[in-house]
Amino acid sequence: MPASTKSSDTPDRDRLARVLRVEIPEVWVRFLLAIIGLGLAFSAALFSTVAREAGSLWGTLVLASAALLIAVVVGLTTVPYLARRVAAARLRDAFDYDVTRIGVAYIVTVLLIGIAALNTGNNLLYIIVAAMLAAILVSGVASAIVLRDLELDVRLPEHVFAGRAALGRIVLRNPRRWLPSFSVNVAAIKKESLKRWRWMPATFSFPPKRAPGEQWINLPDRKLHRVAEAKAAPGIFEGSAYFPYIPAGSELKADLALRFARRGVYQQAAFGLATRFPFAFLLKTRRLPLAREIIVYPAVEPADEFFEVLPLITGEFATFTRGRGSDLYRIREYAPEDSARHVDWKATAKSGSLKVREFSREDERKLRIVFDNPASGVLPENSYENAITLAASLSWHFAGENAEMSFVAQGYDGTPDLYCFLAYLAGVNPQPSPSVVESLQPSDDYNIIFTTQPRGSIPTALWACSYFVFMGQKG
């Protein structure tokens, strides 16, 4: 019996606890406290007036001070918090307004008709002005309805090369069940570099005009300076995609032509949905915080330097690959790219023509691309970019020839994937770091080494198994 009584009392107790512990969001708590505080401040101000009328100086002073103090506390603790919450809630539906040329002409016309109505007192002109002003209001409301609730997705290609056209896709959805949208443009929103006031470390010295060693006082201090923010990465695209009609509950797609002149990382922090519907008085833009990033690889288009070094590298690579085996494969005629150490002098003496021995290959062709990144100022920018383009082009070429690739560079994690190395080349910049050539050890791989090191500093063991591209030097 006691057990059943306890079990029946438990739901009632839980229900009472839920009633007593009402979970009110913090924003509403702050708002209610602000209302109560302002009510107390208003009451204190009202009673201070009554005290002044009654001739009580101290009562007036105390009540007026209390009203002012309560209002200040409410303003400092509640108003900024509520403003931040409202700004965060409105961020996804933030609108920008731009008056079009048609809108300017329309407003000028409204002003002229309004002046005429004031001068003449004609009721018909007042009605026309009211109708024209109402049209502006209707235009703003209609354009907001058109843009609201639309969902945007921007799909970018996975691999993009500088100088090559690529194709992205813009997807615009209208999730509403009954209401369509009209005349919507999708465009990128540019982020301008701004200067902000920031507190920077400084030193307070006295006397201020003396040399640092002769000053009496040197104390750490902070000064307010206007500092420019870091320059934002370039945007992904400059144009726009136009959707004349988006039916309710539908999804429309538009191809996005992309072309990047230079390698690098391109970012877009936000996109905009813009419309002039219905009367083109205003260009209303709804900002969407849709972040996108794309890595543009260096160009792999064959250049003159590529055609100059490719036959030399191919010949030496083939000779190195054939020469690694120990079993004789065949004896054939000598070719210009063959090494002299493979000449078969007995076969040459018997046949009267130069013969070489070709050995069977013991393993697959292995090629290692080494990019010895120089320090800043060692190479002109043009020479540095040409070296990166050549490294990317050779990597792309030999990967297509089914060579087993590996890569070495400062700050590179050693992943043998071609696209990982191209992504490294896309974002690399000159930086002071130790040369990778000094610590590079010979292996079964044939090396293509890009470096600015002097020829005399190259380890002797690397010359027999490497082709060197001395960046910034001809020949």
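**Salt bridges, cores and odd backbone angles**

Let me start with one residue: Arg169 is partly exposed, at a relative accessible area of 34%. Partly exposed sits between buried, under 20%, and exposed, over 50%, with a 1.4 Å probe and protein chains only.

Ground rules next. This is a predicted model, so local features need pLDDT of at least 70 and side-chain atom pairs count only at pLDDT 80 or more, while totals for chains, interfaces and linings use all residues. Residues are numbered from 1 along each chain as its sequence is written, and side-chain values use heavy atoms, with hydrogens and water left out.

Back to Arg169. Its side chain meets that of Asp255 in a salt bridge, 3.2 Å from N to O. The pair links distant parts of the chain, with Arg169 in strand β4 (165–174) and Asp255 in strand β9 (250–259), 86 residues apart. Element names follow DSSP runs numbered from the N terminus: helices are H or I with at least four residues, strands are E with at least two. Asp255 is partly exposed too, at 49% relative accessibility. A salt bridge here is a Lys or Arg side-chain nitrogen within 4 Å of an Asp or Glu carboxyl oxygen. That rule gives eight salt bridges.

Second pair. Arg292 and Asp153 meet through their side chains at 2.9 Å, N to O. Arg292 is in strand β13 (292–297) and Asp153 in strand β2 (151–155), so this salt bridge ties together parts 139 residues apart in sequence. Which partner is buried? Asp153 is, with a relative accessible area of 17%. Arg292 counts as partly exposed, at 24%.

Third pair. Arg262 forms a salt bridge with Glu385, and their closest N and O atoms are 3.8 Å apart. Arg262 lies in the loop between β9 and β10 (264–268), and Glu385 lies in helix α9, so parts 123 residues apart in sequence are tied together. Arg262 is partly exposed at 46%. Glu385 is buried at 18%. There is a network here as well: salt bridges link Arg262, Arg263, Glu381 and Glu385.

Now the cores. A nonpolar core is a set of buried Ala, Val, Leu, Ile, Met, Phe, Trp, Tyr and Cys residues joined through side-chain atoms within 4.5 Å. The largest one has 37 residues, and Phe371, Leu394, Phe398 and Phe450 touch the most other members. Seven elements give two or more residues to this core: α7 (304–322), β16 (366–371), α9 (381–400), β17 (404–409), α10 (418–427), β18 (446–451) and β19 (466–470). Which element gives the largest share? That is α9, with eight residues.

Look at Leu394. Leaving out residues up to four places away in sequence, Leu394 touches Phe306, Val309, Leu310, Ile313, Ile448 and Phe450. Contact means heavy atoms within 4.5 Å. There is also a second, separate core of 30 residues, including Ile246, Leu256, Phe260 and Leu290.

On to the surface. Val99, Val104, Ile107, Val108, Leu111, Leu112 and Ile115 make a nonpolar patch of about 620 Å². Helix α5 (101–120) gives the most to this patch, six residues. Leu111 is in that helix. Leu111 is exposed, at 53% relative accessible area.

Next helix: α6, residues 123–147. α6 has 25 residues and reaches 37 Å from first C-alpha to last, close to the 36 Å expected at 1.5 Å a residue. The expected span is 1.5 Å times one less than the number of residues. Among the buried residues of α6 are Val129, Met132, Ser139, Gly140 and Leu147. Arg148 lies in the loop between α6 and β2. Arg148 is partly exposed, at 31%. The C-alpha atoms of Arg148 and Ser181 are separated by 9.2 Å, though these residues are 33 apart along the chain.

Last topic: backbone angles. Most residues other than glycine have a negative phi, and most peptide bonds are trans. Here are the exceptions to check in your viewer. α6 is followed by Asp149, with a positive phi near 75°. Ser183, in strand β5 (181–188), has a positive phi near 50°. Ala280 is another, at about 65°. Ala280 lies in the loop between β11 and β12. Ala280 is buried, at 17%.

And where is the cis peptide bond? The bond joins Phe277 and Pro278, with omega about 0°. Pro278 is in the loop between β11 (271–275) and β12 (282–288).

Methods:
Patch = residues over 30% accessible without salt bridge, like charges linked within 9 Å, V, L, I, M, F, W, Y side chains within 5 Å. Areas by Shrake-Rupley, 256 points an atom, 1.4 Å probe, with all protein chains shown as cover.
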